[in-house]
Amino acid sequence: MKVSGTHTFPAPRERVWSFLIDPYRLARCIPGCDKLETIGENEYTGEVNVGLAAVKGQYKGKVKLEEIRPPEHYKMLVDGKGKQGFIKGSGTVDLEEQNGATLLRYSGDAQIGGPLASVGQRMIDGATRTMTAQFFTAMEAEIAAAPGEVARQGILLNLWRSLVKGIRERLARVFGGKATAR
Amino acid sequence: MNKAIEITVNGQKQAYDVEPRLLLVHFLRDVLGLTGTHVGCETSICGACTVLIDGRAVKSCTVLTVQANGAEVTTIEGLEKDGELHPLQVGFWEEHGLQCGYCTPGMILAAHDLLRQKPDPTEDEIRHGLEGNLCRCTGYQHIVKAVQHAAERMRAGSR
Amino acid sequence: MIPAEFDYSAPTSLDEALALLGRQEDAKLLAGGHSLLPALKLRLASTPHLIDLGRVPGLTEIREDGGVIAIGAMATHHSIETSELLSRRCPLLTQCAAWIGDLQVRNRGTIGGSLAHADPGADYPAAVLALEGEIVARSATGTRTIAAEAFFVDMLTTTLEPGEILTEVRVQPFPAKTGSSYRKEPQPASGFAIVGVAVAVTLDGGRCSKVRIGVTGAASKAWRAKAAEEVLQGNAPEDAAIAAAAQQTTEGIEMNGDIFASAEYRAHLVRVYARRALREAADRARSA
Amino acid sequence: MPVTPKMVGARIKRREDPRLITGRATYVDDIRLPGMLHLSLVRSMYAHARLGAIDATAARAIGGVVAVFTAADLKGQTGPVPCVAEIPGMKLPHHPILAEGKVRHVGEPIAAVVATSRYVARDAADLVEVEYDPLDAVVDPERAVEAGGAVIHEEFGDNVAFHTEAPSPEADRAFREADRVVKLRIVQQRLIPMAMEPRATVAQWASGDRQLTVWSSTQIPHLYRTQLAEALHLPENRVRVIAPEVGGGFGAKLNVYREEILVPWLAMKLGKPVKWTQSRREDFAATTHGRGQVDYVEAAVKQDGTVTAIRAKVFVDLGAYFQFFTPMISGFSTMLMHGCYRVPALSSEQFGAFTNKMATDAYRGAGRPEAAFMAERLMDEVARELGMDPVAVRRKNFIPKDAFPYATPAGLTFDSGDYEKALDKALEIVGYDELRKEQQELRKQGRYLGIGVSTYLEICGLGPSVMLPPKLKAGGWESCTVRIEPSGAVTVLTGISPHGQGQETSFAQIVADSLGVGMDEVLVVHGDTATVQSGVGTFGSRGTALGGSALRMSLEKIKSKMKTIASHMMEAPPDALDVGEGKVFLKSDPSKGLTLAQVIDAAYNFKAGIPNIEPGLDATSFYEPTNCLYPFGTHIAVFEVDPETGRIQWRRYVAVDDCGNVINPMLVEGQVHGGIAQGLAQALYEGVVYDENGQLVTGTLMDYAVPRAHMIPHLELDSTVTPTPVNPLGVKGVGEAGTIGSTPAVVNAMLDALAPLGVKSIDMPLWPEKVWRAIQEAKRS
């Protein structure tokens, strides 16, 4: 599954970058994030217990940053796994200054596997779109809130959260039968 | 925590304590030993597990036993009356409406509900009426004939 | 095939159900069970506590009351499909219900469960949007009514709050000279809508006095095709006008794709089916 | 003398049915044994990965869990999963019972969890933690055989499982001299057989008697017993295999699977009966798939439509491991790619590719649907390129009816055929000429009617034993014992293993006519190695042709013995006697004779002390066929295509099949209906999709479109009868014919419909979007 696109933030590049690179302060902002540990340089593991209503699962994951060239580029490797499946992906993020605003280009490739993949095909596209949209909405909100340190959220964990949310959404869409019930 | 249930199956009251998660199809097969109801998938598509709850066809793999508490369930074993085959059973036999037989109980019970709603269905109505039941052997044509055969007999009032 | 363990309650009143819902986080409401149970069986979902609404009285009724048709949340697709009242007063719902799943699924699945679940491949959202329906939700603190358009937020997401129970769907009966149509392309394996278009057209003096189009299946959530409605509004439902309107149904909507139907194909199908549904609805309105 | 109505040829309703329509049949999952344990398998989420630690601590801690096993526990205790097929130069990968070190496809079993209930086993399986180190997945068979990239079985160095060539200088010459060369690329997508009954196995070990009893949902109980005994290092006579009621097979149960070795091993290891029943998701991921080929095929053609040679390059998507027949299935495709046409020269090349997917193997038709598809698509393509009618091209190339036995360029000998007769009949039924006229009219209105013809041929009833691989430890024969009990009841013990085909009925019909006894006197027994002397099984449309011929042989032996006994009692020479109508009678005066009861009594009571005759009245035969069988027919599909949506609206489906003599027309119809449904499904609906990482995207019935009743049109069947001289019954086989004939008819109809729009090719399945897209692309170009 390939994703790519651009998004313009009404904020200077340095500020956008500072979110992209700072995982820790954001861990506490993520619901259900039980743990975030540094296991190496720019390498973290996390455990997230996420769920929407009945669809809930424990996911363990690793996030690693490579090719870091502040304040314009890095590559992110994500690897998350739970009972219902796994996501393994890599993506690059590039920032470009544009008259005080920042153009973000992203491009990534994710593998989704396990039960998620074998029962949720009709959801993948929608979930990816939802996921990407949520990711940027959240990021924009965080960047807008940047001057207040407290509300700051980092793109790294946000991405993680988006991925998990994506998993969750796909899970939720995986049913037999055609009638639906809450 | 187990729940006490009482379900009438093929006319007999059955009282058990069951796990809430116990699927009706497993209750019928594993607890009551009524193995005529089959399991062919876990996504409510194939219809092999179809039984009647209060006269309506349902997929018993997608019903919890506790949900059926107090209901009347009819399985394929309960269709014969006084040693006489139900017209649908006769129809399936006469018209070669089955080969491996695995989908047959569910198919017959779905057809049972269909004929309750439409006593004189067209071929198209039968085909759509049975869209909740997969058969891999017959190509469905003899099943259609079997249901027509039964419908005719039932309308003629043989039962 | 086998769900993980959970506890189970079968409340016999709405208040009891609401109390149970408030008591345990992650408790889950069970209506017809035809989405939830497969998810539990595949172990993609789990819950500590299932609250079965099957024994709460008064939730299955379909009635007309003070010029409004109220459909209980636990009314099955079958009861909607075969409702004499609906086929006479609001046939779009019966047309739509007939397309859901199969005979067995329609015997168990419910309108409330379907709407609350907000599966983008579900059929009802298109019809309820085209009917400008309202969704009634009860909570411990009271009752609120949500317009269909405000109800669907995103894939599987509605504006229902965690402590709320969807109890009823309300729609207006068809005015005179109204016709409707539901056209669907089902996914060949699951039967979910790849595209479903629900249309209601009211004529006045040969012109469309009211046109409502709801579309499901093609995107992350169902939508009202207002731009398309406006094209026909006040015009005679001639082929050219209908075709022009149908072209607008996908305006501003991002489609989803899967192995059976890409986003591009879905968009195309929405337009084709909208045209056909509009044609049929207008013809029916004329003879209504 | 009175003549009882003939049973053979009559529409006799099935004797199997009473138990099936009342829910009293016993399938494997219906079996309950005291103390029975349940198996749940932990299966790979990854298509290709190295296995790290497997931690079952949490699983073992659950109450009710008896044991958890991994490959390490099985080391040296069982043989591998057997593959009996052999292809020159092929690489045979090690196929362990549980994954060893690596997983090579999604769904590969890693750990076995045994518990006291199926619910607990399932709960515990969830708690087994498996560490994976993912590797790149190999999914595309054409790319798999190229150098570089991940290697599935490292010991082989690449993913080429085999590369075979059957060159032909004659073919090369024909291509050089051809007026035209017609080329196609054909994707024969993977399919899921999807028998309604998922696989299941129950095993019980009687340690005192050292006797293993296994109930399994299999098409081949005897072959399975042989392989199982070898895998478990048991004497074969310590193993009893029972195929009870089997809910369809379609080739997918013509196999010996990991679980079929594991479950008996567990029963022996744990000393308790063990049951395993597959979920449908497991079935999709870990039961063999069918088809899976990419074919580059071309025909050398003369200007008048004569095809002078066919050449093919075939890439076979084998999957990660070999199941029973995996590497030999595609061989049938190239062997028969000329269909029923007199094509003097064939040349072919095959690449077998390992891929990170479940193995492919036999699925209804097994290689011949692929062959028929190549031949029938080529004929239509020749017609299109030459501007000829597809029917005319076929007539031009048919092997004429006076050419039989016909030696094919691939070394086969076609037994009998009259292809034109079946074609003519089908054309007449469908009203071909009028349809073509209507098609022209409709085109003027912008409507697209498609008429697709397929004059298929297939090979079945395998066959002379030499055609089957030595590792099978069985040939192409079939076995049957007929025993007339002292009471006069007739017991037939047949080595075939029907699972829906209805031979309990059709064999009783043969017995009834042969001996003149009532159908109710006859019991046909199958599927139990302890009661049935010997057997090969039911597959490849062989049940009636081979099993029925073995039955016929035993009946003849019994009748001969009866005549000898009667001859002694009547003082008439045996040659002067005949058996029938429940009697042994004088040919010259049928009113004179003995009742069967008298003869049976003499055989068992034996007081008369008939010289040179052993007491008793039974006979066992092994029928060894001298040739395969070649059924054929014409299928015509007619539908209208909605160019706006790509959907079709059925008009007609006509099939005229020739399977030689018919024992029970109702059963034949049933086989043809079912076969057509599966063939149409390949053309229109079904297709296994693995994504680029080897994930099975069509993992459930939610995404794999097995047709429902309304997705199959009303089928109009008819037949011609061209008996085969190969066997005493003159029957061919009909189990697969419908599947083979129908797929190309549908695709030809689609391309016929869209011809005026310029659409030349659409890959199966013909999902509406693909049709719509092909139309859009044709419009653009």
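A disulfide is a pair of cysteine sulfur atoms within 2.5 Å. The model is predicted: local features need pLDDT of at least 70, side-chain atom pairs count only at pLDDT 80 or more, and totals for chains, interfaces and linings use all residues. Residues are numbered from 1 along each chain as its sequence is written, chains are lettered from A and ligands numbered from 1 in written order, and side-chain values use heavy atoms, without hydrogens and water.

**Exercise 1. Count the disulfides over all chains, then examine Cys41(B) and Cys100(B).**

Step 1. Searching the whole structure gives zero disulfides.
Step 2. Take Cys41(B). Its closest cysteine sulfur belongs to Cys46(B), at 4.0 Å, so the pair is too far apart for a bond.
Step 3. Take Cys100(B). The nearest cysteine sulfur is that of Cys137(B), 3.8 Å away, and Cys100(B) is in no disulfide.
Step 4. Check burial (buried is under 20% relative accessible area, exposed over 50%, partly exposed in between; 1.4 Å probe, protein chains only). Cys41(B) is buried at 2%. Cys100(B) is buried at 4%.

**Exercise 2. Trace the open four-stranded sheet of chain C and find the helix that packs on it.**

Step 1. Fix the terms. Helices (H or I, at least four residues) and strands (E, at least two) are DSSP runs, numbered from the N terminus. Two strands pair if DSSP finds at least two bridges between them.
Step 2. The strand order is 11-12-13-14, paired antiparallel.
Step 3. Strand 11 (178–186) and strand 14 (223–224) of chain C are the edges, each pairing on one side only.
Step 4. Strand 12 (193–204) and strand 13 (207–216) of chain C share nine bridges. Ala198(C) has Gly214(C) as its bridge partner in strand 13.
Step 5. Helix 12 (263–287) of chain C touches strands 11, 12, 13 and 14, and its direction makes about 30° with that of strand 12. Contact means heavy atoms within 4.5 Å. Axes are lines fitted to C-alpha atoms, for helices over the stretch in contact; angles run from 0 to 180 degrees between N-to-C directions.

**Exercise 3. Find both bridge partners of Glu134(C).**

Step 1. Strand 6 (134–139) of chain C joins strand 7 (142–147) by six antiparallel bridges. A hairpin of two residues links strands 6 and 7 of chain C.
Step 2. In strand 7 of chain C, Ala147(C) stands opposite Glu134(C).
Step 3. Strand 6 also pairs antiparallel with strand 10 (165–171) of chain C, over five bridges.
Step 4. There, the partner of Glu134(C) is Arg170(C).
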